[in-house]
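Visitor: I have this structure open on my screen and would like a tour. Can you walk me through it?

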Amino acid sequence: MSLPASAEGALEGGLPFVTETSHLRHPSDTPRWSSDAVSSSDGSIPMTVGGVDPGARVSVGAQRARLVLSSPPRWHRIAEIMIRVLALSAIAAVVLIFAFVAREALPLFTSHEVHKEVTLRQMWTAQQWPGYDAPDHIWQPVSEIPKYGVWPLLVGTIKVTLVAMLFGVPLGVGSALYVSQYARPRAREIIKPVVELLAGIPSVVLGFFALMVMASWIQDAFGLESRLNAIVAGLALSFAIIPVIFTISEEAFGAVPRSYVEASIALGAARWQTILRVVLPAASPGIAAGVALGLGRAVGETMIVLMASGNAAILSGVFSESVRTLSATIAAELAEVVFGGAHYTVLFYLGTLLFLVTFVVNSAGDWIINRMKRRLGVAS
Amino acid sequence: MSDLAAPAANLRATPFVRALRNRMGDIALAVSSGAAILIVLVILAVILGDVVIHGASRLSPRFFFTAPEQGMTEGGIFPALFGTVAMVLLMTLAVVPVGVATAVYLHEYASPRSWLTRTVRIAVSNLAGVPSIVFGLFGLGFFVQFVGAGMDRVFHGGQRVWGQPALLWAALTMAVLTLPVVIVATEEALRAVPRDLREASLALGATQFQTVYRVVLPQAVPGILTGTILAISRGAGEVAPILFTGVAYFLPTLPRSLHDQFMHLGNHIYVLSTQSPDVDATKPLLYGTVLVLLILTFVLNLAAVVVRSRMRRRLMGVA
């Protein structure tokens with residue numbers, strides 16, 4: 001790029017080749033490489049040269065020469081190193097979470113002190129407790145003889161999750177189907193943010209609503225014995241997972257190539273046939289991913305079940321009874337345990353289980369999403 | 001494609017029967033999927049309606065600026081508001097630089113196919129799926145018991161100052177929880193910055209870092225802002241991660257240092273609705289608190305939606 005005549009004049013007029021930054025249009029700054037400066041009409045950067053020629057313009061070429069002569073400040077290098085280090089934070093977080101939660105659970109495997117009160121075997125198998133007729137699974141950590149049977153908690157978690165999925169999956173997928181296939185674009189633009197609003201409701205508020213309002217309605221409607229139970233908690237939980245399933249399913253429906261739909265219509269299929277037999281199967285991996293992520297959320301969700309499930313650790317298959325889940329057990333009991341004691345260790349063990357289960361479920365969901373993206377990327 | 005027999009059967013039927021069946025099928029599918037979205041919208045409306053109807057009458061300047069009184073049946077929520085804001089501010093200070101740096105590394109520095117990039121991405125999406133209560137366990141095991149107690153051993157001769165649940169540890173735990181939110185939003189924003197700008201900057205002789213710092217990041221500010229707002233909204237509402245890392249259910253004084261405990265809006269709702277001796281007496285206060293938290297999170301989420309849609313529109317204009 002050759003220098004415009006005026007700039008050459010300025011240089012000849014005694015302007016040093018390495019210009020002072022204070023002469024630039026942005027006095028506080030080294031050359032501002034932002035779009036507006038670069039896109040200035042003739043590709044040159046306007047600058048005022050004090051006293052010599054206020055209208056003089058020096059071309060980008062001269063700017064560049066300045067940069068070549070002066071190296072960037074040292075803190076740039078430091079910042080780049082910082083970026084590289086901080087980028088590892090997410091990996092560090094996942095590793096540390098597992099390491100530190102598992103570390104506190106470790107005594108359950110190794111400590112004789114803890115084994116006097118509880119062993120893994122006792123937790124997972126039915127035990128003959130004094131005062132009971134037959135061997136049983138019992139979770140009763142705060143009592144004369146602490147009992148740490150995990151099955152009531154596990155079954156409780158499964159029951160609540162099952163109810164949540166039973167309501168959440170049809171509602172989430174159905175909503176996504178309607179919004180992507182039937183709703184007009186204007187309606188879609190309103191409905192989508194509204195459903196995202198549901199995702200924005202904090203889980204403690206959903207728990208509050210289930211506890212204070214829904215529980216009474218459901219009890220009155222079905223004449224249930226206990227006000228707080230797996231159905232109430234599961235329903236409230238489904239409100240939390242519907243937005244997750246909806247958002248991902250909607251995306252999956254939207255990603256089905258138009259050519260599939262057009263081919264189906266051209267073959268004489270009706271609209272509903274096209275949706276059920278072409279669009280739905282094509283979007284099914286995405287829907288599966290949404291369901292998996294919803295499942296992960298349901299298993300780990302804490303405040304809703306803590307507030308709405310009744311928290312009685314009963315081992316039964318009846319959905320109208322109170323239940324206690326893994327997450328709620330940790331939340332309710334950890335505040336009152338002795339640090340490093342058997343109960344403390346067991347609760348961290350439950351946390352480790354929860355981490356591993358959600359890790360597997362979420363990884364499966366992510367794997368499906370990534371595979372879908374790659375396939376669609378190749379197809380288009 | 002999956003079932004070719006269906007269209008074939010369609011052709012065999014008389015035109016009238018075919019038209020009728022198609023019409024019925026269409027109506028059935030539209031109605032049943034429409035019912036699903038309707039139910040979801042009704043649920044949302046019922047929750048919001050219930051909270052607004054019962055909570056609106058509580059809102060007054062006094063409610064915002066006084067402490068709970070008379071066993072939490074009277075007074076306001078000032079300490080909980082204050083604690084929430086303090087915790088969220090600290091969290092933002094921690095999470096935004098780290099989240100932005102990670103996103104910048106992923107999008108501007110790393111090669112997309114390297115094993116490190118893939119590992120970071122897997123870690124980010126898994127972090128987003130870790131149950132919130134596990135974050136609470138982590139915060140207790142790592143920040144309080146390991147970092148905090150370690151600091152006490154070194155600086156305070158074993159005296160308990162940092163090795164207990166505190167504002168700082170709750171904020172840092174929440175920062176780890178919201179990290180994926182900031183990373184994902186920032187990366188989306190970086191992806192939307194046109195390549196031309198980077199190439200123009202590099203062609204002018206700017207270094208990689210100058211390009212990122214002066215050209216790319218200023219363009220990505222709305223995206224970073226979106227992520228920050230969403231993280232704040234999350235931090236204001238989540239309770240499980242802070243249960244054991246610093247929240248208290250009632251404090252007579254406001255937190256004065258980073259190692260004090262604090263009150264929190266979400267936790268306040270949990271406490272009022274589960275541990276109140278007199279449910280009917282606390283109910284009005286409870287509804288008021290829920291309404292405040294809902295308004296707070298909705299305003300934040302709405303702000304995020306607005307910022308994001310503006311950003312998208314502007315970028316479409318550029319492209």
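Visitor: How many residues does the contact take from chain A and from chain B?

Guide: This is a predicted model, so local features need pLDDT of at least 70 and side-chain atom pairs count only at pLDDT 80 or more, while totals for chains, interfaces and linings use all residues. Residues are numbered from 1 along each chain as its sequence is written, and chains are lettered from A and ligands numbered from 1 in the order in which they are written. Two residues are in contact if their C-beta atoms, placed from the backbone, lie within 7 Å. On that basis the count is 88 residues from chain A and 84 residues from chain B.

Visitor: On the side of chain A that touches chain B, how do the residues divide into nonpolar, polar and charged?

Guide: Ala, Val, Leu, Ile, Met, Phe, Trp, Tyr, Cys and Pro count as nonpolar, Asp, Glu, Lys and Arg as charged, and the others, Gly among them, as polar. The split for chain A is 62 nonpolar, 17 polar and nine charged.

Visitor: At what angle do helix 4 of chain A and helix 4 of chain B pack?

Guide: Helices here are DSSP runs (H or I, at least four residues; strands are E, at least two), numbered from the N terminus. A:Met82, A:Ile83, A:Arg84 and A:Leu86 from chain A meet a set in chain B that includes B:Val98, B:Tyr105 and B:Tyr109. The two helices are roughly perpendicular, a label for 65 to 115 degrees (under 35 is roughly parallel, over 145 roughly antiparallel, the rest oblique). With axes being lines fitted to C-alpha atoms over the stretch in contact, and angles running from 0 to 180 degrees between N-to-C directions, the axes are 8 Å apart and the angle is about 95°.

Visitor: Within chain A, which residues of helix 12 does helix 10 meet?

Guide: Helix 10 (residues 185-200) and helix 12 (residues 230-254) of chain A have axes that come within 8 Å and cross at roughly 135°. That makes helix 10 of chain A oblique to helix 12 of chain A. By class, their contact has seven nonpolar, no polar and one charged residues. From helix 10 come A:Val195, A:Glu196, A:Leu198 and A:Ala199, and the helix 12 residues they meet are A:Phe239, A:Ile242, A:Pro243 and A:Phe246.

Visitor: Is A:Ala342 buried or exposed?

Guide: A:Ala342 sits in helix 17 (residues 342-379) of chain A, and touches A:Val114, A:Glu117 and A:Val118, leaving out residues up to four places away in sequence. A:Lys116 is 226 residues away in sequence, yet the C-alpha to C-alpha distance is 8.9 Å. A residue is buried if 20 or more other C-beta atoms, placed from the backbone, lie within 10 Å of its own, exposed if 12 or fewer, and partly exposed in between. A:Ala342 has 22 C-beta neighbours inside 10 Å, so the verdict is buried.

Visitor: What is the radius of gyration of chain B?

Guide: Chain B has 11 helices and two strands, in the order α-α-α-β-β-α-α-α-α-α-α-α-α. The globule rule, 2.2 Å times the number of residues to the power 0.38, is set against a radius taken over C-alpha atoms. For 319 residues the rule gives 20 Å, and chain B is more spread out than a compact globule because its radius of gyration is well over that, at 26 Å.

Visitor: And what percentage of the residues in chain A are buried?

Guide: Chain A has 17 helices and four strands. Out of 380 residues, the buried share is 45%.
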